[in-house]
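Let's take a friendly walk through this structure, one element at a time. Have the viewer ready and follow along.

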Amino acid sequence: MNGFVDTHCHLDDDRFADDRDQVLERAGATGVTGVLIPATELASARAALDLAARYPGIGVAVGIHPLWCEKAGDPDRVMPELRALTGDPAVVAIGEIGLDYYRGPAPELQERWLDAQLDLAAATGLPVILHNREATGNLLERLRAWGQRADLPQPPGVLHAFSAGRAAADFALAAGFYLGIGGMLTFRRADEVRAVAAAAPADRLVLETDAPYLAPEPLRGRRNEPALLRHVAERLAAVRATDTEQIALQTTGNAARLFPRLQPEGVQ
């Protein structure tokens, strides 16, 4: 069986503090060969890098999440620190960055942070991991503007936990982005997510858990973890009328193209 790569897992979260070793053992036992930890702020980035130094098969994204950008302070002060972190060979992307109009701070501040981090990605050649909650129109507008002012990384990045609908998917795919497919694919009312996942090009989909969040059905409501990625893969196989082996082969290859610095070698 080909292995899976969990391209979005907050393994540094305190909810894994008591059993992180066991979480990774279970992940390896289910075929997960690589895990990407997206930071939410500077302390999270450093904690993720510590984990990458301790465990094989782990990559890190560094960035300021939109829900953290007010606490993070002035982007002009923080960006040099973020850029310095990108020199670590474990850093494979800029993220988790984006817009969250559901419960984030002022949109103007979020957009300033997003633009600064998009420009950091262009300067370093690293792809971005994009968060979007109730901000699809403005996020796509910021991405259009980014493409007009900068030479983008190739591929430019991934729309994490994609649920924004067909029009947003069409824009993202045309612009070279990948779609992150996670537990929402299994939710009962996620018909639009399944429709997008069924129609998208096979070479633009990557798997993710967003653990400890968004556990898949039938385990919704419990703590998510990388070992549950197989549930997502099996549902994606059903949606695309193929088998789980093919999904593993395709999505792992996609993850390697999207994050060329990531070196899946088995997690334990």
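Which residue follows α7, and what is the sign of its phi? That residue is G176, and its phi is positive, near 100°. Please keep in mind as you read on that this is a predicted model.

## Helix α7 and its surroundings

Helix α7 covers residues 166–174. Its buried residues are A168, A169, F171, A172 and L173. The elements that cover these buried residues include two helices, α6 (136–149) and α8 (191–199), together with β6 and β7.

## Strand β4 and its partners

Strand β4 takes in residues 91–100, and 10 of the 10 are buried, so the strand is largely enclosed by the rest of the structure.

Two strands pair with β4 here. With strand β3 (residues 58–62) the pairing is parallel and comprises 3 bridges, and V62 sits opposite I94 of β4. Strand β5 (residues 128–133) also runs parallel to β4, joined to it by 5 bridges. I94 turns up again in this pairing, where it stands opposite V128 of β5. If you trace the chain, β4, helix α5 (residues 107–124) and β5 form a β-α-β unit, and that unit is right-handed.

## Helix α10: one buried face

Now move along to helix α10, which spans residues 244–258. From the first C-alpha to the last, its 15 residues reach 21 Å, close to the 21 Å expected at 1.5 Å a residue. Buried in this helix are T244, I247, A248, T251, T252, N254, A255 and L258. Viewed down the axis of α10, the buried residues fall within an arc of 160°, so they line one face of the helix.

What do the buried residues of α10 pack against? They meet the strands β1 (4–6), β6 (157–159), β7 (178–181) and β8 (205–207), as well as helix α9 (229–239).

## A closer look at T251

T251 is a good residue to zoom in on within helix α10. Is T251 buried or exposed, and what is its relative accessible area? T251 is buried, with a relative accessible area of 4%; the cut-off for buried is under 20%.

A polar atom of the T251 side chain lies 2.7 Å from the backbone oxygen of I247. Setting aside neighbours within four places in sequence, T251 is in contact with L205, V206, L207 and L236.

Methods
Residues are numbered from 1 along each chain as its sequence is written. This is a predicted model: local features need pLDDT of at least 70, side-chain atom pairs count only at pLDDT 80 or more; totals for chains, interfaces and linings use all residues. Side-chain values use heavy atoms; hydrogens and water are left out. Buried means under 20% relative accessible area, exposed over 50%, partly exposed in between (1.4 Å probe, protein chains only). Helices (H or I, at least four residues) and strands (E, at least two) are DSSP runs, numbered from the N terminus. Two strands pair if DSSP finds at least two bridges between them. A crossover is right-handed if, with the strands pointing away from the viewer, the path from the first strand over the helix to the second runs clockwise. The expected span of a helix is 1.5 Å times one less than its number of residues. The arc is that of the directions from the helix axis to the C-beta atoms. Contact means heavy atoms within 4.5 Å. A polar contact is a pair of N or O atoms within 3.5 Å; within protein, one must be able to donate a hydrogen and the other to accept it, and residues adjacent in sequence count only if both atoms are side-chain atoms.
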